[in-house]
Amino acid sequence: MVEHDWLSERFAEHQGRLRAVAYRMLGSLGEAEDAVQEAWLRVSRADTGQVENPAGWLTTVVARVCLNMLEARRTRREESTGALPPEPAVPHASIHPAGQADPEDEALLADSIGVALMVVLDTLTPAERLAFVLHDVFAVPFGEIGAVIDRSPAAARQLASRARRRVQGAAGTSDAARSPKREIVAAFLAASRNGDFAALLELLDPDAVVGEVRGAHEVAAFFAGRAQAARLALVDGVPAAVWSHRGRPKAVFEFTISDGKITRIAIDADPDRLLDLDIVFLPADNKEEQ
């Protein structure tokens with residue numbers, strides 16, 4: 001009984017931090033509350049005799065619960081063929097139990113995890129998301145993170161680094177998604193799919209180059225009627241086109257643009273290089289659908 005009372009006191013003491021960890025992991029206040037409750041069920045049945053750092057131990061328990069929830073969520077999305085991750089809602093409920101509203105906490109949450117950032121986090125794998133959130137937001141050592149995801153500390157560090165690069169580029173990514181280059185690439189894909197030779201010529205510089213193919217007429221002829229499966233995307237934060245097969249990128253088309261005209265298109269199909277690219281697919285716009 002004494003041990004259970006001690007555990008209840010420690011859990012209550014750290015409950016705010018645990019909710020914050022779960023919210024940043026899951027992006028949903030309701031799911032965060034569920035995760036904390038599930039964590040309590042787990043720790044209440046655990047042997048606490050060897051626990052020397054209650055805060056760290058409870059954090060790792062919540063992290064494991066969140067990891068399971070993220071993996072289940074990812075599986076559901078993969079089963080929904082072609083579905084894009086839903087844009088998370090702006091926080092609207094209290095993080096406190098029994099619906100006790102705390103406007104100050106809600107404002108802090110909304111400020112620290114905005115919709116744009118949550119969209120970026122949704123593009124990460126569960127392990128990347130966990131490594132980034134636990135280390136960069138809550139300063140959990142990589143050794144403890146590795147134990148949660150069954151990886152070495154070095155692997156956990158690499159996952160966090162990869163996630164950090166994508167998160168740090170969130171603002172730039174948002175700007176790039178609305179940039180003139182995006183519009184040109186989207187128009188090029190639409191013209192290529194439709195076999196619109198005239199539209200392709202309009203977009204290409206007279207001296208445009210694609211590999212060994214040189215000149216606007218030659219490049220337009222090369223792409224006319226093609227690019228049926230290529231999708232508009234941000235590749236390392238820059239508008240480009242990506243051809244995928246069975247969900248795996250097989251080729252990236254990178255565009256060099258000068259004075260509103262495409263001067264060069266580089267095609268990269270090297271599997272090793274493609275693995276290192278950050279690829280975020282963009283929704284089709286009207287130009288692409290025409």
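Is Asp-150 buried or exposed? Asp-150 counts as exposed, at 71% relative accessibility. The cut-off for exposed is over 50%, so 71% passes. This is a predicted model. Asp-150 sits in the loop between α7 and α8. Its phi is positive, about 60 degrees, although Asp-150 is not a glycine.

**Overview**

The protein has 290 residues, and 40% of them count as buried. It contains 14 helices and 7 strands. About 15,500 Å² is exposed, and carbon and sulfur atoms supply 52% of that area. Take the contacts between residues at least 6 apart in sequence: 63% of them join residues at least 24 apart.

**Two nonpolar cores**

In soluble globular proteins, nonpolar side chains tend to be buried together. Here, the largest nonpolar core has 42 residues. Met-25, Leu-130, Ile-145 and Ile-149 have the most contacts inside it. Six named helices each give two or more residues to this core: α1 (2–26), α2 (29–44), α3 (54–79), α6 (126–137), α7 (142–149) and α8 (153–168). The largest share is that of α1, with 9 residues.

Ile-149 shows how the pieces meet. Leaving aside residues up to four places away in sequence, Ile-149 touches Leu-67, Leu-130, Ala-156 and Leu-159. Another core lies apart from the largest one. That core has 26 residues, including Ala-187, Val-210, Phe-223 and Ile-265.

**Helix α6 and the loop after it**

Helix α6 contributes to the largest core. How many of the 12 residues of α6 are buried? The count is 9, so the helix is mostly covered. The buried residues are Pro-126, Ala-127, Glu-128, Arg-129, Leu-130, Ala-131, Phe-132, Val-133 and Leu-134. Charged names appear in that list too: Glu-128 and Arg-129 are among the buried residues.

The length of α6 can be checked. At 1.5 Å a residue, its 12 residues should span 16 Å. The end C-alpha atoms are 16 Å apart, so the two values agree.

Just after α6 comes Ala-139, with a positive phi of about 55 degrees. Ala-139 is a residue other than glycine. It lies in the loop between α6 and α7. Ala-139 is exposed, because its relative accessible area is 61% and the cut-off is over 50%. Asp-150, in the loop between α7 and α8, also has a positive phi and also counts as exposed.

**Aromatic pairs and a cluster**

How many aromatic pairs does a search of the whole structure find? It finds 5. Two of them are set out below.

| Pair | Centre to centre | Angle between planes | Geometry |
|---|---|---|---|
| Phe-188 and Phe-255 | 5.4 Å | 70 degrees | edge-to-face |
| Phe-223 and Phe-253 | 6.4 Å | 70 degrees | edge-to-face |

The pair of Phe-188 and Phe-255 links distant parts of the chain. Phe-188 is in helix α10 (residues 180–194), and Phe-255 is in strand β5 (residues 248–258). They are 67 residues apart. Both rings belong to buried residues: Phe-188 is at 2% relative accessibility, and Phe-255 at 5%.

Why is the pair of Phe-223 and Phe-253 edge-to-face? Planes over 60 degrees apart count as edge-to-face, and these planes are at 70 degrees, so the pair qualifies. Phe-223 lies in helix α12 (residues 216–223) and Phe-253 in strand β5, so the pair ties together parts 30 residues apart in sequence. Phe-223 counts as buried at 5% relative accessibility. Phe-253 is buried as well, at 16%; the limit for buried is under 20%.

Phe-188, Phe-222, Phe-223, Phe-253 and Phe-255 form one aromatic cluster. Phe-223 is also one of the residues of the 26-residue core. Phe-222 has a charged neighbour: Arg-226 lies over the face of its ring, at 4.4 Å from the ring centre.

**A close approach from helix α10**

Helix α10 holds Ala-186 as well as Phe-188. Is Ala-186 buried or exposed? Ala-186 is buried, with a relative accessible area of 0%. In sequence, Ala-186 and Leu-232 are 46 residues apart. In space, their C-alpha atoms are 6.4 Å apart.

Methods. Residues numbered from 1 in each chain as written. Predicted model: local features only at pLDDT ≥ 70, side-chain atom pairs only at ≥ 80, totals over all residues. Heavy atoms only, no water. Core = buried A, V, L, I, M, F, W, Y, C linked by side-chain atoms within 4.5 Å. Buried < 20%, exposed > 50% of the residue type's maximum accessible area, 1.4 Å probe, protein only. Helix = DSSP H or I, 4+ residues; strand = E, 2+ residues; numbered from the N terminus. Contact = heavy atoms within 4.5 Å. Expected span 1.5 Å × (residues − 1). Phe/Tyr/Trp six-rings, centres within 6.5 Å; stacked < 30°, edge-to-face > 60°. Lys NZ or Arg CZ within 6 Å of the ring centre and 35° of its normal. Areas by Shrake-Rupley, 256 points an atom, 1.4 Å probe, with all protein chains shown as cover.
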